[in-house]
Amino acid sequence: MTEPHDLPSAAELVEAVREFLAHDVLPAVDGRVQFHTRVAVNVLGMVGRELALGPAQAAAHGEGLAALGVSSEAELARIIRQGGADDRMDDIGRFVRATVRAKLEVANPKYLAE
Amino acid sequence: MSDGGRDAEPAALLRSVLDAPIENLRRLSGGASRETWSFDCGGRPLILRRDPPGAPKEGMAVEARLLRAAGACGVPVPEVVAAESSFIVMERVEGETIPRKILRDDAFAAARPALAAQCGTVLAALHRIPVEDFADLPDTDQVAEWRDILDSLGQPHPAFELGLRWLGENRPPRSGTTVVHGDFRNGNLIVGPEGVRAVLDWELAHRGDPLEDLGWLCVKAWRFGVNDKPVGGFGDYDELVGAYEDAGGGHVDRDALMWWQAMGTLKWGIMCIVQGSLHVSGTVRSVELAAIGRRVCENEWDLLDLLPYGRD
């Protein structure tokens, strides 16, 4: 929980809505609304994982950018495009793979196992 | 030229071009760009596809020409019954288009092992469409085109930059210039228990390297989770390539095929950013589109799997 807010925490609130959609709404709807409810359940799972993992991921990402001598994803994208990092492509490749892995750990962790 | 299809209600439009009574008219899909209607006329099952009122495009006449030319070359396509610049009336082919059903339902168990080879045979026929009859279709550099689209979206994606870098430095020589379907994949094929019945959705057709169609069919997103079958979730590279070459398609260089699979993976990733952006910009508010924005990283992961940089 983050002061000054009371319990439930933001993560617990998101989980409460996700459970409501999954257990109460999903069985009661069909067709297009059922499909969109399923999407909404997945999206709230994503938000929950970002709340849990996001701060550590952001710190690691910042350190990785700094090690490459850039300040942001936009700057990294620019030096790849402009060829200013051709002698470091393996370092950049390792960092980008780690970054995309972190994004998948939030967005769809099952994808990493496929 | 008169164009009764632009604003007419579908029933009135159909009465103006067909002689027999129209029955069982119902709308099938609510896409933003095209409307699809199902109906029967004189006992014949038909489909109407039309641009919605006010649509700027006049692409349906081109699509009708493509369907007729493809049919003449032996590509399974719905027969065109009537067409103008804003609509097509075509035969309604029965069968399944939903990829997860095609890949999992018992009804298609016998079809699945045959689909990759059938796709190879169909693509060889498709690439025999006389390209000189379609000089009006664009022939663009795919890498430059999708790089420009990525830039227009204003979101940095280092993984896609690595892809653009590798694609630019490893481009294979063009294997030929043919009509390219542009969206030939599981999901745009009508499949019956015996296999492919019709190739749909010719909206993205253009001129280009025929290997683009083969590579696109192998993009991981079209495997719908059946990842041990690289071709559409139903077959192997050897089946697709062998059937394509046996049916008179050109020689398929495997490195070039992988280049086009990587190009397709990048392209689908950028298409997903476009879809997510429709929500973020407020153009179309949709939880589905919002969620697609966060699936872009799946395509980044697939693309990195095809690239050499930092592979440990």
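Student: How many residue pairs are in polar contact across the interface of chain A and chain B?

Tutor: The model is a predicted one, and a side-chain atom pair is counted only where pLDDT is 80 or more. On that basis, 14 residue pairs are in polar contact across the interface of chain A and chain B. Helix 2, helix 3 (73–82), helix 4 (89–107) and helix 5 (110–113) of chain A each supply at least two residues of the side that touches chain B. Helix 4 of chain A gives the most, with 13 residues. By residue class, that side of chain A divides into 18 nonpolar, five polar and 10 charged.

Student: How many residues of each chain are in contact, and what area do the two chains bury between them?

Tutor: Contact counts and buried area are read together here. In this model, 33 residues of chain A are in contact with 30 residues of chain B. The two chains bury about 2,800 Å² between them, and 60% of this is on carbon and sulfur atoms. R81(A), R97(A) and Y111(A) supply 27% of the area that chain A buries against chain B, more than any other three residues.

Student: How many salt bridges are there between chain A and chain B?

Tutor: A salt bridge is assigned by distance, with a side-chain nitrogen of Lys or Arg within 4 Å of a carboxyl oxygen of Asp or Glu. Between chain A and chain B the count is five. One of the pairs is D151(B) with R81(A), whose closest N and O atoms are 2.8 Å apart. R81(A) is also among the three residues named above for their share of the area that chain A buries.

Student: How many salt bridges are there over all chains?

Tutor: The count over all chains comes to 25. Among them is the pair of D139(B) and R174(B), with the closest N and O atoms 2.8 Å apart. This pair links distant parts of chain B: D139(B) is in the loop between helix 4 (112–126) and helix 5 (142–153), R174(B) is in the loop between helix 6 (158–169) and strand 6 (178–180), and the two are 35 residues apart.

Student: Are D139(B) and R174(B) buried, partly exposed or exposed?

Tutor: A relative accessible area under 20% counts as buried and one over 50% as exposed. D139(B), at 32%, is partly exposed, and R174(B), at 42%, is partly exposed as well.

Student: Which residue forms a salt bridge with K267(B), and where do the two partners lie?

Tutor: K267(B) pairs with E212(B), the closest N and O atoms being 3.5 Å apart. K267(B) lies in helix 9 (residues 254–280) of chain B and E212(B) in helix 7 (residues 211–217) of chain B, so the pair ties together parts that are 55 residues apart in sequence. K267(B) is buried, with a relative accessible area of 6%, and E212(B) is buried at 6%.

Student: Which residue forms a salt bridge with K220(B)?

Tutor: The partner of K220(B) is D302(B), with the closest N and O atoms 3.2 Å apart. K220(B) is in the loop between helix 7 and helix 8 (237–246) of chain B, while D302(B) is in helix 11 (residues 296–304) of chain B, 82 residues apart. Both residues are buried. Salt bridges can also share partners, and in this way R49(B), E63(B), D201(B) and E203(B) are joined into one network.

Student: Is H157(B) buried or exposed, and what does H157(B) touch?

Tutor: H157(B) is found in the loop between helix 5 and helix 6 of chain B. The residue is buried, with a relative accessible area of 9%. Leaving aside residues up to four places away in sequence, H157(B) touches A77(A), K103(A), L150(B), I273(B), V296(B) and E300(B). With E300(B) there is a polar contact between the two side chains, at 2.7 Å.

Student: How does strand 3 of chain B pair with strand 2 and strand 5 of chain B?

Tutor: Pairing is read from the bridges and the direction of the strands. Strand 2 (residues 35–41) of chain B runs antiparallel to strand 3 of chain B, and seven bridges join them. In this pairing W37(B) stands opposite L48(B). The hairpin of these strands has two residues between them, and G42(B) takes a positive phi near 60° there. Strand 3 is also joined to strand 5 (residues 87–91) of chain B by five bridges, again antiparallel. Here I47(B) stands opposite M90(B).

Student: How many residues of strand 3 of chain B are buried?

Tutor: Five of the seven residues of strand 3 (residues 44–50) of chain B are buried, so the strand is largely enclosed by the rest of the structure.

Definitions and conventions: Residues numbered from 1 in each chain as written. Chains lettered and ligands numbered in written order. Predicted model: local features only at pLDDT ≥ 70, side-chain atom pairs only at ≥ 80, totals over all residues. Heavy atoms only, no water. Helix = DSSP H or I, 4+ residues; strand = E, 2+ residues; numbered from the N terminus. Buried < 20%, exposed > 50% of the residue type's maximum accessible area, 1.4 Å probe, protein only. Polar contact = N/O pair within 3.5 Å; in protein donor to acceptor, adjacent residues only side chain to side chain. Contact = heavy atoms within 4.5 Å. Buried area = accessible area lost by both parts, 1.4 Å probe. Nonpolar A, V, L, I, M, F, W, Y, C, P; charged D, E, K, R; others polar. Pairing = 2+ DSSP bridges.
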